Structures are given as structure tokens and as C-alpha cells.
Amino acid sequence: MNILKQIKDCAKTTPKRIAFRNQNQVLTYEELWTASDRLAAALETACGGNRQPVAVYGHKETFMLVCFLACVKSGRAYCPIDRSVPDIRTEAILKCLDSPVVLTPGKLTAKTDKEIWDAGRLARLAGGGTRQEEGDAEESCAVGSGERIPQKTAVSGIQPVSGGDTFYIIFTSGSTGTPKGVKITADCLNHFLEWSVGLGGPAEEKQGAVFLNQAPFSFDLSVMDLYTCLACGGTLWCLEKEVQEDYQKLMDSLKDSGAGVWVSTPSFAELCLADPGFEERLLPRLRAFLFCGETLPCATVRRLKSRFPQAVVVNTYGPTESTVAVTEVEITDTMAAGSSPLPVGRARPGTRIEIRNEKGAALPEGEQGEIVILGDTVSTGYLGREDLTAKAFFVSGKQGEQIRGYRTGDAGYLQDGMLYYAGRMDLQVKLHGYRIELEDIESNLRKLPGVSHAVVIPRERGGKIRSLTAFVSREQNSMEGENGEQGHEDGAVLRRQLMEFLPSYMIPKKIVVLPRMPLTNNGKADRKALGGMVR
């Protein structure tokens, strides 16, 4: 599959079909294709031979899709950054990108020496406006250093991203406190889409369907809904952050969506299930739930099947480094009736799953070890981090038949060819669908005034991580008291300070200040003892 060709074909055959919709904006396939052509030409004019990845900053605006395609058409990867990401973290990401420009609606508060392009206005004037703003009569707009958007397509001489070129970069949590950028190539994405269009039912049945978007574009789960939707000629219905935070708005938006394919984390579905009105009459066209990002509980599946008897429930597994997901299984009534962990599925075509021990040797079925992924959707590595790439990625096979592999750090086992996920082997967790390095949070906690030591402990219930609790110790004489209880007020202050460094989903629910950190015999923080204090 070639996703650019798929979108182009839709722009020709169904030009007025809506490709994207949020609370206030719509974008047709024709507008998406034409606007991205013109913006790609502007990027080429301004950046010339610089083919470095371009940051696209915002939150589910129509211009973001235009910018994604414009970057790719101009031969450049794009890097989505959601507005919810704190400025300090945004600045760290921007430093990793060598492109001279940032595409944004003009409200970037993070400090950068890059040129800021008002991408929302540029995209609109290039032909990709919102319905509310179609009356804008201007024919061009200043961009960059005096350049102007061409009014005719001028991308015929530009080589778009293809093959082994990086298509997008998504930054994930890093154990050093600095985010790391995962590079996904055009081939990786296209191989993924050849498989994902068939998840939950034949691709033909999804033609023109409405796909629900829950995750921000800076989270790799969004790739499953965004590009699978565009590959099927469907409409992406975006649930913006303000809608998800207002229960009535959320239910109203779901009712209006007419969604046929649901893509989200299990936690988001559980949130919706809290409303008795979340059932088939609300979404009569819904035919498939596609889940990824965290453990799917049996109880959640049973409730969904009870309320949406016409819809199938599909469980998937895969890290950002292997292009969203690499396994899938339709959860049957028999599976959901059990209490044991649900399987995450069989490997997609082009992917092989192995379970290896600490020495790297393959283990037989039934034995638990590290999940290792080999296949045509495995990333080429981390942007500018050859050291981290060498630790996590490898190449297997003979010359000419080589295939990339990735050591996930996830524990699991195979049973009759079906993969079962058994948690993290290190200090990385999944919370509300987000992959979080606990050491990332700990590193940023230690940046706060007076904090000398920090340990983050996940709170688990029913086999699923529900929240995070951080324990910190102060520098000598900076804190009085003899137990953990006295630190709650000070912990609230630390939570507010931590929000300057980390996105909201990484902020511990509780931060407890201790007079001293409990240690094991070898001098390390006693995580087991701290775990006993979590409640």
C-alpha cells in the first residue's frame, strides 16, 4: 500500500468527502490534498536542501493533517507535538530537530530559535480552510523569510518521502528524563496499513466509514485511527481534549459522530461505560472496537459486548518502535468469560514474535521471557541516539534477507502461537494507554528545589495499573517530620512544580515527602517497601 496514493485517489474520486472533523472544523479530501501540495512547495522554497524533520505543533486542528502531508510530500518527516506537552519538554524535542521551521497555529510559547510559521492560516489560504472561514479572500500569505504560498501546485519536481525514508517521528518517554524520538519509515507505515485496514472486519466494509480519534497525534495510537481511516477513504472524527474532559460534550459528540470504527485505549472505553447511555442506540453504526496501548480487562469486554452486540472487540499489542501494533485477536465471548489475562493476539504478516531469555536465546512456548519483535514495521531507531538504538534494535538474517528486530523490554509468553503480555521487565509502565518510563518522572522530580531522591511506584488493582505515587526525600534540613503522612501538603506543591516539566498523564496522583528513603542492603531504593506504602 502507498498511503499518499490512497489519499490522492480519494481526493480525485470523492473530492467533497470529509476527511477530518472536530468540534468546529471540517476538511475534505480535495482540500487536504490541494493545501498540502501548496504548503509542500512553500516548505521546499524556504528550507531548500534541508531535509530534516519538521515539528508540527497543535491539538487536532485541521491544519495538522495538511502539515503532516505537506512535510512528507516535500521529502521531510514530520514530528507531531501536542499542545498539552509542557514547554520545557517541547523545547527538548525541538532541539533534537534540525529543521529551521516549526509549523503551528502561532501560539507556541516554548523557547526556540526556529522560524515559527502560522500553519493554520497558511493551510487555510493554501486551500484547506475550515467551513467557518471559507470566505477569506486573501490569495497568499507571508511565510518564513518573505516567501509566499504558491497558488498553483509546484511539487512535481520534489521527491516525497518513500521506502526507507523516515515518514514520522514520535517522541516517547526516556529513562534519562529526556524524550527519545522513534523514527518510522514510509515502508513501515505502509506495511502496517496493509494489515490494519482489515482489523475488525474486511477493508471493503470500512470504505467511507467514520473512525473515532481519541488519542492526540503525538501519541502513536493515533496512527492507527488517522492513517487507517485515510487508507479506507473514511472520515476521522476527532474528540478534542476539552470534549473528553466534559462528560456531556463527550456523549453528545459520540452521538453526532456516527462512528463505525472505535480506536482507543481500554481506559477511555471504561470511562464511557460509566454512562448507562453509552450503548448501541448512541452509536448504531459501530461495528468494531480496536484497542491498543494497555491491558484490556475481561470485564470491560463483557460490558462492551452486552451494550454493543453488533460490534466486534479486537485486542492488539505493539510498541511505538514497531509502528503501533503487530498482533491482533478478536476477543470471543468464551475468552471474555474467563478471568485470566486476555491474549494480545497472533503476529501480523511480515512480523515474527519471539520470546527470549536474558542471554538472548529463544524460549519454547509456554515459558515467559522478553518479547522480541522482528519484522517489516520495526523502526530504524531513535533520532540522533545511536547508543540507545544499538541497545534496543538489531538486524537478523543473512545478507539480502536481513530483517530488523526490536527488544521490547516487555515480558510475555506464547501459547499455541498466541501472544500473552505479562507486564514490563524494567521500570516502564502503561497508564491510560501511555507508555511511561518511571525513571523519566524520577529524573524530573530530582530537578525540583530541595529534592534529593525520588522513586515512583505504580498502584495496581485488578491486574491493571491505576495510578502513580511518587516518594521523595528532601535535602538535609529542608523538611521536618518523622513519617510519610506529614508530606502531603508539600507533595501538592511538588506536583504543581512538576507540571512545568511533564505532561499531565505523567504526573503522579500523589507525591509523598519522606524524611529519608528506605534502602535495600545494596544501597538501592527499596521499591518493595515503598510499594507497601501505596494505597
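**Exercise 1. Work out whether Tyr-421 is buried, partly exposed or exposed.**

Step 1: get the cut-offs straight. Buried means under 20% relative accessible area, exposed means over 50%, and partly exposed is in between (1.4 Å probe, protein chains only).

Step 2: look up the value. Tyr-421 has 23% relative accessibility, so this residue counts as partly exposed.

Step 3: try its partner. Tyr-317 comes out at 6% relative accessible area, so Tyr-317 is buried.

A quick note on what you're looking at: this is a predicted model, where local features need pLDDT of at least 70, side-chain atom pairs count only at pLDDT 80 or more, and totals for chains, interfaces and linings use all residues. Residues are numbered from 1 along each chain as its sequence is written, and side-chain values use heavy atoms, with hydrogens and water left out.

**Exercise 2. Classify the ring pair Tyr-317 and Tyr-421, then do the same for Phe-192 and Trp-195.**

Step 1: here's the rule. Rings of Phe, Tyr and Trp (its six-membered ring) pair if their centres lie within 6.5 Å; planes under 30 degrees apart are stacked, over 60 edge-to-face, and the rest tilted. By this rule you get 18 aromatic pairs.

Step 2: take Phe-192 and Trp-195. Their ring centres are 5.9 Å apart and the planes meet at 65°, so this pair is edge-to-face. Both residues belong to helix H6 (residues 186-196), three residues apart, about one turn of the helix. Helices (H or I, at least four residues) and strands (E, at least two) are DSSP runs, numbered from the N terminus. Phe-192 and Trp-195 are both buried.

Step 3: back to the tyrosines. The rings of Tyr-317 and Tyr-421 have centres 6.0 Å apart and planes at 35°, so the pair is tilted. This pair links distant parts of the chain: Tyr-317 is in strand S15 and Tyr-421 in strand S23 (residues 418-424), 104 residues apart.

**Exercise 3. Find which side of helix H1 is buried, and what packs there.**

Step 1: list the buried residues. In H1 (residues 3-13) they are Ile-3, Leu-4, Ile-7, Cys-10 and Ala-11.

Step 2: check how they spread. They cover an arc of only 125° around the axis, which puts them on the same side of H1. The arc is that of the directions from the helix axis to the C-beta atoms. Here's the background: an α-helix has 3.6 residues a turn, so residues three or four places apart point the same way.

Step 3: flip to the other face. Turned away from the buried side, H1 carries the exposed residues Lys-12 and Thr-13.

Step 4: name the neighbours. The buried residues of H1 pack against helix H2 (29-47), H3, strand S9 (166-172), H6 and helix H7 (221-231); contact here means heavy atoms within 4.5 Å.

**Exercise 4. Say which residues touch the most other members of the largest nonpolar core.**

Step 1: know the term. A nonpolar core is a set of buried Ala, Val, Leu, Ile, Met, Phe, Trp, Tyr and Cys residues joined through side-chain atoms within 4.5 Å.

Step 2: pick out the winners. The largest core has 110 residues, and Phe-167, Tyr-227 and Leu-445 touch the most other members. Helix H3 (residues 62-73) gives the most to this core, with ten residues.

Step 3: zoom in on Phe-167. Not counting residues up to four places away in sequence, its contacts include Ile-3, Val-72, Ile-184 and Tyr-227. Phe-167 also joins Phe-68, Tyr-78, Tyr-168, Phe-217 and Tyr-227 in one aromatic cluster.

**Exercise 5. Track down the polar partners of Asp-440 and Arg-356.**

Step 1: set the rule. A polar contact is a pair of N or O atoms within 3.5 Å; within protein, one must be able to donate a hydrogen and the other to accept it, and residues adjacent in sequence count only if both atoms are side-chain atoms.

Step 2: start with Asp-440. Asp-440 lies in helix H14 (residues 438-445) and, at 0% relative accessibility, counts as buried. Its side chain makes a polar contact of 2.8 Å with the side chain of Arg-89.

Step 3: move to Arg-356, in strand S18 (residues 351-356). Arg-356 is buried, at 15% relative accessible area. A 2.8 Å polar contact joins its side chain to that of Glu-354.
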